[in-house]
Amino acid sequence: MSSEPTPPQNDEGIAGGFPLASEARGVLEAARREGRGLTETERAIAQVEAFTPEEASARIALNEAVEEDPGIRRPMVINLGPQHPSTHGVMRLITELDGETVLDLHPVIGYLHTGIEKQCENKTWWQAITLVTRMDYLSPYSNTLAYCTSVEKLLGLEVPVRAQYLRVIMLELNRIASHLVWLGTSGLELGAISVFFFTYRERDAALDLGEMISGERMNSRYFQVGGCADDMPDGFEAELRKFVDAMPGHVDEYEQLVAGNQIWLDRLVGVGVLPADELVALGVTGPALRAAGVPHDLRRSNPYTGYERFEFDIPTFENGDAYDRFRVRMREIRESTKIIQQALDSIPEGSHIADDRKVVLPPREELAVSMEALIHHFKLVTEGYRVPAGEVYSGVESPRGEIGCYVASDGGTKPYRVHMRDASFVNLQALRPMAKGQYLADLVAMIGSLDNVMGGVDR
Amino acid sequence: MSIQATLKGFGVTFKAMLTKPETIGYPEHKTPVHPRFRGRHRLWRYENGLEKCVGCSLCAAACPSDCIRVVAEENHPDERVSAGERFARIYEINMSRCIFCGYCEIACPFDAITLENEYELSEYDRPRDLIYTKSQLLMPHPKSVPNRTPEAANG
């Protein structure tokens with residue numbers, strides 16, 4: 001009887017097709033030795049949902065502890081999203097909770113993936129403008145500017161001064177509109193509903209101005225390679241002046257509504273703090289970085305499209321919490337109105353788009369009279385222009401931080417590769433270190449304060 | 001301190017009760033649009049009834065979302081359709097794909113296609129209702145939207 005082989009124990013070989021504890025330990029050990037995260041296969045072998053070997057070991061130890069004492073206190077895994085209204089679109093957060101405390105969280109992205117970067121490879125350089133504008137849908141002007149400046153750099157194309165001014169005006173108007181959306185929706189998340197109605201009133205006025213100049217309220221293709229699609233229409237300047245003159249008063253109104261409110265302070269002060277060096281290490285840019293005291297702004301440090309001509313401050317604060325991010329954005333709205341006023345005061349006469357017939361479409365009125373213009377027009381629309389081979393990166397300061405566009409050309413009429421460095425995507429990384437050990441209710445305030453746009457995260 | 005701030009906040013809210021509402025009663029009152037607004041497409045005819053479109057397919061080439069389909073045919077001398085040599089026998093726009101970038105309008109050398117003011121384009125059925133044919137596109141939209149004038153913008 002004793003000579004009969006005993007059934008294989010759980011850590012000696014494959015039993016019933018299930019991987020074994022020793023095998024699981026083996027893969028975790030290998031990953032730890034190599035100092036990397038776990039692959040999907042390794043996660044499956046270890047039968048544990050963890051991203052690093054340390055996490056996996058802790059999880060396994062916890063499982064063993066639970067087996068010994070089922071009454072033990074253990075974390076609860078909750079899915080926040082993807083349809084949670086306060087996650088700004090479709091972001092999913094796998095959160096591990098101990099009561100109200102967030103032990104760990106993993107953002108899961110990709111629910112809004114549109115394949116825009118890949119799509120650009122199938123469109124001509126001109127057509128791709130209409131795609132990139134749709135990524136970070138709250139700052140279409142920054143997206144298109146990043147793309148257009150990259151292409152202009154490859155082409156060696158000079159943008160007329162008037163076009164640069166028009167670009168600055170629209171970028172700053174876009175910044176105001178984006179910050180207004182941020183304040184309104186963050187207010188909603190924190191229970192301050194009135195501020196939403198106030199900000200959306202002004203945001204609608206900003207979108208109206210966008211409609212007036214570009215024909216589209218949101219996903220505008222106003223910036224073209226070489227300049228802007230059109231000049232300011234009649235009455236635009238007066239409307240815009242009315243808007244920017246009234247804006248500081250409106251910001252006062254928002255601040256009266258929320259800034260000193262005890263509930264607002266309780267929800268935001270000291271929430272989502274990360275030290276500046278950690279933010280820099282994570283690559284965080286934009287208001288989230290400036291709220292921590294780092295005066296990094298591409299408009300100042302690496303001026304593009306003529307920002308060096310304008311006087312403006314870069315607001316910074318020291319604490320780096322959600323309340324400081326709110327204050328930075330409010331100050332930025334005021335600075336943006338100043339920039340727009342300066343630009344309107346000093347905008348020079350000239351053309352709104354470069355005069356390069358090999359790249360820029362000929363003026364409409366020439367089509368009927370000039371055969372050469374018609375030939376250029378047909379060629380540019382059907383085949384498109386050729387861009388010299390090369391690679392270039394150019395970054396712009398979007399309302400959320402640095403949006404950069406990396407463009408590679410093989411000399412053809414279509415981009416070889418278009419890659420966007422999107423601020424929302426990079427800033428999202430800061431959420432995990434920020435939220436660890438904090439309360440779940442504060443997590444919502446942190447997501448809001450980072451101002452991630454999922455269209456930009458997933459692209 | 002914080003009571004004061006809260007009262008100040010309420011003050012803003014109560015003051016807003018005395019102002020004119022910013023909203024408009026939508027289905028009855030439509031927002032007028034600015035002249036550059038790009039809405040539903042329209043194909044145009046010359047005053048003598050001939051179509052401006054000559055079926056050159058430049059709009060289809062320019063379209064980033066490939067939503068335009070043009071099939072051209074030679075004009076018959078007895079029965080001219082367009083002013084040019086050829087005309088568009090089929091001109092379809094798939095409105096469920098269109099992104100209203102207006103590149104077709106830019107591309108057209110004859111101003112045959114423009115984007116008009118209408119923005120109420122919802123339909124119940126995609127293949128049946130949202131592929132606009134040439135006859136639909138040549139007609140003005142039954143519910144036209146006015147352009148925004150300075151008076152309309154304020155009232």
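How far is the sulfur of B:Cys101 from the closest cysteine sulfur, and in which residue does that sulfur lie? The legends below take up this point after the sheet.

This is a predicted model, in which local features need pLDDT of at least 70 and side-chain atom pairs count only at pLDDT 80 or more, while totals for chains, interfaces and linings use all residues. Residues are numbered from 1 along each chain as its sequence is written, chains are lettered from A and ligands numbered from 1 in the order in which they are written, and side-chain values use heavy atoms, with hydrogens and water left out.

**View 1. An open sheet of 3 strands in chain A has the order E1-E2-E3, with antiparallel pairing.** Strands are DSSP runs (E, at least two residues) numbered from the N terminus, as are helices (H or I, at least four), and two strands pair if DSSP finds at least two bridges between them. Because E1 (76-80) and E3 (101-108) of chain A each have a single partner strand, they stand at the edges, and one side of each is left without a neighbour in the sheet.

**View 2. Strand E2 (residues 92-98) of chain A is joined to E3(A) by 7 bridges, and the two run antiparallel.** Here A:Leu97 has A:Val102, in E3(A), as its bridge partner.

**View 3. The cysteines of chain B include B:Cys101, whose sulfur is 6.1 Å from the closest cysteine sulfur, in B:Cys63, too far for a bond.** A disulfide is a pair of cysteine sulfur atoms within 2.5 Å, and a search of the whole structure finds 0 over all chains. The sulfur of B:Cys53 is likewise too far for a bond, at 6.3 Å from the closest cysteine sulfur, in B:Cys59.
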